[in-house]
Amino acid sequence: MSSGGFHVHGPHDHELEHAAQHEPQGFAGQLAVITAILATVGALFSYQGGATQNNAMVYKNNAAIKKTEASNQWNYYQAKSSKQNLSELALEIAPASKKEFYEGEIKRYKGEKSDIKKDAEKLEAEAKAWDERSDAEMHQHHRWARSEEHTSELQSRQYLVCRLLLEKK
């Protein structure tokens, strides 16, 4: 406390300076260590919760990409089916000299459709696997988030205890 150029310490200032220069002992020291540990644990829970949430989003994005690729394959399959149908129609109305050509086209389209269908089904299975991974990560995220909430609750209660102890002094 300063007054007229003189610096005068009150009894509480001296006590605070003394406490700051020495390691806290007793219950206050233990409380300080526990607070530091809980803060570290809370930070770890928060990090893990964020990491699992980010992983879930990446996996969900990968699933969406695979679903789009599968959709593209199914559209390609549909286009081949349309061409096959046109060839079948042409086979019915074409002159005899062209029938062999259209039979070959029908056979070719059937073979191409088979390969396209396999690719589309494979992409759908991959999309489903990415969705399942995303769901599993979100489950983990929820567990980390609950742990983080419990740690925060403990820290809040500890803060209140510290405040009560300090107010008693």
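**Salt bridges, aromatic pairs and surface of a helical protein**

Glutamate 112 and arginine 108 are joined by a salt bridge in which the closest N and O atoms are 3.0 Å apart. The structure described here is a predicted model. Both glutamate 112 and arginine 108 belong to helix α3, where four residues, or about one turn of the helix, separate them. Arginine 108 also forms a salt bridge with the side chain of glutamate 105, with an N to O distance of 2.8 Å. Glutamate 105 and arginine 108 again share helix α3, three residues apart, which is about one turn of the helix. In addition, arginine 108 lies over the face of tyrosine 109, at 4.6 Å from the ring centre.

The residues around arginine 108 are not equally accessible. The relative accessible area of arginine 108 is 36%, a value between the cut-offs of 20% and 50%, so this residue counts as partly exposed. Glutamate 105, at 16% relative accessibility, falls under the 20% cut-off and therefore counts as buried. Glutamate 112, at 25% relative accessibility, counts as partly exposed. Elsewhere, salt bridges with shared partners join Lys60, Lys67, Asp131 and Asp135 into one network.

Side chains of opposite charge can pair when their charged atoms come close. The count of salt bridges in the model comes to eight. One of these joins the side chains of lysine 60 and aspartate 135, at 3.8 Å from N to O. Because lysine 60 lies in helix α2 and aspartate 135 in helix α3 (residues 96–168), this pair ties together parts that are 75 residues apart in sequence. Both partners fall between the cut-offs for buried and exposed residues: lysine 60 counts as partly exposed at 37% relative accessibility, and aspartate 135 is partly exposed with a relative accessible area of 47%.

The setting of these contacts is given by the secondary structure, which comes to three helices and two strands. Read along the sequence, the protein follows the pattern β-β-α-α-α. The protein has 169 residues, of which 19% count as buried.

Contacts that involve aromatic rings were examined next. The structure holds three aromatic pairs. Among them is the pair of tryptophan 74 and tyrosine 77, whose rings are 5.5 Å apart from centre to centre, with 80° between the planes. An angle over 60 degrees counts as edge-to-face, so the pair of tryptophan 74 and tyrosine 77 belongs to that class. Tryptophan 74 and tyrosine 77 are three residues apart in helix α2, which means that about one helical turn separates them. Tryptophan 74 has a relative accessible area of 26% and is partly exposed. Tyrosine 77, with a relative accessible area of 22%, is also partly exposed. Phenylalanine 101 and tyrosine 102 form another of the aromatic pairs, likewise edge-to-face, at 5.2 Å from centre to centre and with 70° between the planes. Phenylalanine 101 counts as partly exposed at 48% relative accessibility, and tyrosine 102 counts as partly exposed at 21%.

A charged group also sits over the ring of tyrosine 59: the charged end of arginine 133 is 4.3 Å from the centre of that ring.

Helix α2 (residues 26–93) contains serine 81. The relative accessible area of serine 81 is 11%, under the 20% cut-off, and this residue is therefore buried. The side chain of serine 81 makes a polar contact with the side chain of lysine 113, at a distance of 3.4 Å.

Isoleucine 93 is likewise found in helix α2. Its relative accessibility of 67% is over the 50% cut-off, so isoleucine 93 counts as exposed. Together with Leu86 and Leu89, Ile93 forms a nonpolar patch on the surface. The accessible area of Leu86, Leu89 and Ile93 together is about 350 Å². Helix α2 thus holds both the buried serine 81 and the exposed isoleucine 93.

Definitions and conventions: Residues are numbered from 1 along each chain as its sequence is written. Side-chain values use heavy atoms; hydrogens and water are left out. Buried means under 20% relative accessible area, exposed over 50%, partly exposed in between (1.4 Å probe, protein chains only). A polar contact is a pair of N or O atoms within 3.5 Å; within protein, one must be able to donate a hydrogen and the other to accept it, and residues adjacent in sequence count only if both atoms are side-chain atoms. Patches are made of residues with over 30% relative accessible area and no salt bridge: like charges are joined within 9 Å, nonpolar side chains (Val, Leu, Ile, Met, Phe, Trp, Tyr) within 5 Å. Accessible areas come from the Shrake-Rupley method with a 1.4 Å probe; for residues, only the protein chains shown count as cover. A salt bridge is a side-chain nitrogen of Lys or Arg within 4 Å of a carboxyl oxygen of Asp or Glu. Rings of Phe, Tyr and Trp (its six-membered ring) pair if their centres lie within 6.5 Å; planes under 30 degrees apart count as stacked, over 60 as edge-to-face and the rest as tilted. A charge sits over a ring if NZ of Lys or CZ of Arg is within 6 Å of the ring centre and within 35 degrees of the ring normal.
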